[in-house]
Amino acid sequence: MYLTHLDCPRCGKEHAADRLQNLCDCGSPLLARYDLPAVAKAVTPERFPLRPADLWRYRELLPVADPRHVITLGEGWTPLLRTPAYGTEIGIADLMVKDEGLIPTGSFKARGAAVGVSRARELGVERVAMPTNGNAGSAWATYAARAGMGATIVMPLSAPSICRRECVAAGADLRLIDGLIGDAGRRVAELIAESNGAIFDAGTLREPYRLEGKKTMGYEIVEQLGWQVPDVIIYPTGGGVGLIGIHKALHELRELGWVGDKLPRLVAVQSTGCAPIVRAFAAGENRAQPWADAHTVAFGITVPAPLGDELILAALRESSGTAVAVDDADILADLREFAGREGLLLCPEGAACLTAARQLRAGGWIRAGERVVVLNTGAGLKYPDTVDVSGVPVLA
């Protein structure tokens, strides 16, 4: 294994990677670091096509030492689809969608669960707990079951019903709360405190290895483009782990010498009903203030106070990117328009990225001829209410 240590991006303190870690003493999430010169000597990009089509093809850049602890359902290597009809309509001829809806449990959360559960198992964890807006809970419950671990999941009552059913099917200890993800997080903290160390906190960015699974989206995009980078990557941002992970992956690839110095501009997309990152970015701030009365049809990005706010904002600024808030009405309209033109039903979070792409191109921030990658983070079928069928005629 090429994992060397964990470090704190806020205070710079290094932490050992051979034992369980949550946040740094200063309250910041920790980042996994690797001996990248040794990785470059051990493997080259030409080797990856000879390996299985899953995220474990990048095993030298992942934190699991013993392959016997790898818990997998074949996650990763999702398609990167060209979308010429819709792209041409909005003025982005080279528009591509990476479809994470085809991954196990129907969302990109399976990437973080696969790596996070595998590493937790390797370090001796017997039960994990987390708050979730739905899909992360489904994924971690599923992978924990496959690993023989317990899972305690707390999610809002308003989360997609399929997610609670997935948790129950996987045998998780599911708790529902009448509130938002922050309220669920407070309940998880209480449960962990009451457990006397029997439960490990696997909440978003509260352990360092979920991020390592998510970063493989960045590796895949680059490999699928022939080891070239796009001009822009657009990502729906709630907790922000996917965006932070992609940013980390791109910097690792550049340090390895597998891509050039020019990296994509990153775009964080939020809803006008919950946009703490957009507000902080526009104000030039390094921290985001909690968003009051958060609500949006894109439930997965309803995160009023993301723990990774500093890392998200740093990724946007370092990449010369931006942050955009879009209306729910536009999200639903673009979801339908895209499905009708391209035959792919996106999740509302993915559709929000289309709305952002359309608006950024209309405003000139995305320039003519640029290659743009949009992340569809989950299967549209998990959100059936986003398509209104009330007007469909019933035949006599």
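Tutor: Let's begin with a definition: a residue is buried under 20% relative accessible area, exposed over 50%, and partly exposed in between. Keep in mind that this is a predicted model.

Student: Okay, so why is C26 called partly exposed?

Tutor: Its relative accessible area is 30%. That value falls between the two cut-offs, so C26 counts as partly exposed.

Student: And what makes C347 buried?

Tutor: C347 has a relative accessible area of 0%. Buried means under 20%, so C347 is buried.

Student: How do you know that C26 has no bond to the closest cysteine sulfur?

Tutor: A disulfide needs two cysteine sulfur atoms within 2.5 Å. The closest cysteine sulfur to that of C26 sits in C8, 3.4 Å away, so it's too far for a bond.

Student: What about the sulfur of C347?

Tutor: For C347, the closest cysteine sulfur belongs to C353, and the distance is 8.1 Å, again too far for a bond. By this rule, the count of disulfides is zero.

Student: On to H69. Where is it found, and is it buried or partly exposed?

Tutor: H69 lies in the loop between α1 (36-42) and β4. Its relative accessibility is 22%, and buried would need a value under 20%, so H69 counts as partly exposed.

Student: Which residues does H69 touch, leaving out those up to four places away in sequence?

Tutor: Those are V64, S118, R121 and E122. H69 and E122 are 53 residues apart along the chain, yet their C-alpha atoms are separated by 5.8 Å.

Student: Now helices. Why is α12 called roughly perpendicular to α13?

Tutor: Helix α12 (residues 328-342) and helix α13 (residues 348-362) pack at about 95°, and their axes are 8 Å apart. Angles from 65 to 115 degrees count as roughly perpendicular, so the label fits α12 and α13.

Student: Which residues make that contact?

Tutor: α12 brings D330, I331, D334, L335 and F338, while α13 brings P348, A351, A352, L354, T355, R358 and Q359. By class, the contact of α12 with α13 has seven nonpolar, two polar and three charged residues.

Student: What is the strand order in the open sheet of six strands?

Tutor: The order is β4-β5-β13-β10-β11-β12, and the pairing is mixed.

Student: What makes β4 and β12 edge strands?

Tutor: β4 (80-82) and β12 (322-326) each have a single partner strand, so one side of each lacks a neighbour in the sheet. On average, neighbouring strands of this sheet are turned by 25° against each other, direction ignored.

Student: How do you know that β5 and β13 pair?

Tutor: Pairing takes at least two bridges. β5 (residues 95-99) and β13 (residues 372-376) have five, in the parallel sense. One of the partners is easy to look up: L95 is bridged to V372 in β13.

Student: Which strands does α13 touch?

Tutor: α13 packs on the sheet and touches β5, β10 (232-236), β11, β12 and β13, and its direction makes about 110° with that of β12.

Student: Last one: why is β7 called mostly covered?

Tutor: Seven of the seven residues in β7 (residues 150-156) are buried. G150, T152, V154 and P156 are on one side, with A151, I153 and M155 on the other, and both faces are covered. β7 also pairs with β6 (residues 127-131) in the parallel sense over five bridges, and I153 in β7 is the bridge partner of M130.

Methods: Residues are numbered from 1 along each chain as its sequence is written. This is a predicted model: local features need pLDDT of at least 70, side-chain atom pairs count only at pLDDT 80 or more; totals for chains, interfaces and linings use all residues. Side-chain values use heavy atoms; hydrogens and water are left out. Axes are lines fitted to C-alpha atoms, for helices over the stretch in contact, and angles run from 0 to 180 degrees between N-to-C directions. Helices (H or I, at least four residues) and strands (E, at least two) are DSSP runs, numbered from the N terminus. Angles under 35 degrees count as roughly parallel, over 145 as roughly antiparallel, 65 to 115 as roughly perpendicular and the rest as oblique. Contact means heavy atoms within 4.5 Å. Ala, Val, Leu, Ile, Met, Phe, Trp, Tyr, Cys and Pro count as nonpolar, Asp, Glu, Lys and Arg as charged, and the others, Gly among them, as polar. Buried means under 20% relative accessible area, exposed over 50%, partly exposed in between (1.4 Å probe, protein chains only).
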